[in-house]
Amino acid sequence: MALIVVGAGLVVLVIALASLSTNTNNSNANGRNENRNANVTTNTNTNSANANANANATAPTSLADDFSEQKWSTGQSPFGKIWYSNGEYHMSSFADKFVVMYAPSNDYSTENATVKVTARSVSGDAPSAGFGLMVHCLQTRDKKLEDYALLIFPSDEPAYEIIMHKAGVQSALVQKTTSSAIRSGTSPNQLEVRIRGAELSFYANGQLLTKVTDTANFRRGRAGFYTSDAYEVAFDDLTIEH
């Protein structure tokens, strides 16, 4: 974990990375019940353990980030790397690992918001555990990940999955499901989450995929990104509308 200490006790986490271990569970329909525990969390710019508790209190009505200006953290570790290139935000994990990055400030609050981002696989390969858009991202007092995520698999049979991290443990709320709404290969996909109270509606390229209920009450978190495996992905044109 890389840390920068700024001023009196102000800590900036440079990169958010996680290790992946598989916990086989025969009751899981597709045999993919990963228990993924984060060893670092977010690039938060505060030393408060409850930084996201009032995220929406100061959030702007709308936010647009085209990644032409470096606002999110970058870095490299044994788990993966994150960097800016050609006006996009790039992420790459290593084999059997995954990388998570939470947004840099509470301006990126996702409470009662419509969140959109364009995501693409640079090589056209689909990471084994997918990549995609995260919402309601926050961390526990002991630095565990908590969030919801729409992950896509732009393979020859494109698919998506909805996951949740709670106290650092990942679970699938909607198992990997094929969908013609998702474009395969290197084609960009616009990922979207529409949040109205406790209801989260997930879209790909304007088409509704599924809905889930925020039973964990993570509603005051931020946006974030996720990727897995040793394939480069890129994110662009993030918008948040309240």
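Over the face of which residue does arginine 194 lie, and at what distance from the ring centre? Arginine 194 is placed over the face of tyrosine 203, at 3.8 Å from the ring centre. A second arrangement of this kind involves lysine 176, which lies over the face of phenylalanine 153 at 4.3 Å from the ring centre.

## Overall architecture

The structure described here is a predicted model. Its protein chain contains zero helices and 20 strands. Of the 242 residues in the chain, 51% are buried.

Among the contacts in the protein chain with a separation of 6 or more, 66% are between residues 24 or more positions apart. The chain exposes about 10,000 Å², and carbon and sulfur atoms supply 44% of that area.

## Nonpolar cores

In soluble globular proteins, nonpolar side chains tend to be buried together. In this model, the largest nonpolar core has 44 residues. The members that touch the most other members of this core are Trp72, Tyr89, Met91, Phe225 and Phe235.

A second core, separate from that one, consists of 11 residues. Phe98, Val100, Ala129 and Cys137 are among them.

## Aromatic pairs

A pair of aromatic rings is described by the distance of the centres and the angle of the planes. The whole structure holds 12 aromatic pairs. One of them joins phenylalanine 67 and tyrosine 89, which are stacked at 5.7 Å centre to centre with 15° between the planes. Phenylalanine 67 belongs to the loop between β6 (62-65) and β7 (75-77), while tyrosine 89 belongs to strand β9 (residues 88-93), so this pair ties together parts that are 22 residues apart in sequence. Phenylalanine 67 and tyrosine 89 are both buried.

Tryptophan 72 and phenylalanine 225 also form a pair; their ring centres are 4.7 Å apart and their planes are at 15°, so the pair is stacked. Because tryptophan 72 lies in the loop between β6 and β7 and phenylalanine 225 in strand β19 (residues 222-228), the pair ties together parts that are 153 residues apart in sequence. Both tryptophan 72 and phenylalanine 225 are buried. Ring pairs further link Phe67, Trp72, Tyr84, Tyr89, Tyr108, Phe225 and Phe235 into a cluster.

## Histidine 136

Histidine 136 is found in strand β12 (residues 131-139). With a relative accessible area of 0%, histidine 136 is buried, because buried means under 20%. Its side chain is joined to that of threonine 110 by a polar contact of 2.7 Å.

Leaving aside residues up to four places away in sequence, histidine 136 touches residues including Glu111, Glu146, Asp147, Tyr148, Asp214, Arg219 and Arg222. Ile195, Leu200, Phe218 and Gly221 are also among the residues it touches.

## Positive phi values

Phenylalanine 67 has a phi near 65°, a positive value in a residue other than glycine. This residue, in the loop between β6 and β7, is buried, with a relative accessible area of 1%.

Aspartate 237, likewise not a glycine, has a positive phi of about 55°. Its place is in strand β20 (residues 233-241). Is aspartate 237 buried, partly exposed or exposed? At 41% relative accessibility, aspartate 237 counts as partly exposed, because that class lies between under 20% for buried and over 50% for exposed.

How values were computed: Residues are numbered from 1 along each chain as its sequence is written. This is a predicted model: local features need pLDDT of at least 70, side-chain atom pairs count only at pLDDT 80 or more; totals for chains, interfaces and linings use all residues. Side-chain values use heavy atoms; hydrogens and water are left out. A nonpolar core is a set of buried Ala, Val, Leu, Ile, Met, Phe, Trp, Tyr and Cys residues joined through side-chain atoms within 4.5 Å. Buried means under 20% relative accessible area, exposed over 50%, partly exposed in between (1.4 Å probe, protein chains only). Helices (H or I, at least four residues) and strands (E, at least two) are DSSP runs, numbered from the N terminus. A polar contact is a pair of N or O atoms within 3.5 Å; within protein, one must be able to donate a hydrogen and the other to accept it, and residues adjacent in sequence count only if both atoms are side-chain atoms. Contact means heavy atoms within 4.5 Å. Rings of Phe, Tyr and Trp (its six-membered ring) pair if their centres lie within 6.5 Å; planes under 30 degrees apart count as stacked, over 60 as edge-to-face and the rest as tilted. A charge sits over a ring if NZ of Lys or CZ of Arg is within 6 Å of the ring centre and within 35 degrees of the ring normal. Accessible areas come from the Shrake-Rupley method with a 1.4 Å probe; for residues, only the protein chains shown count as cover.
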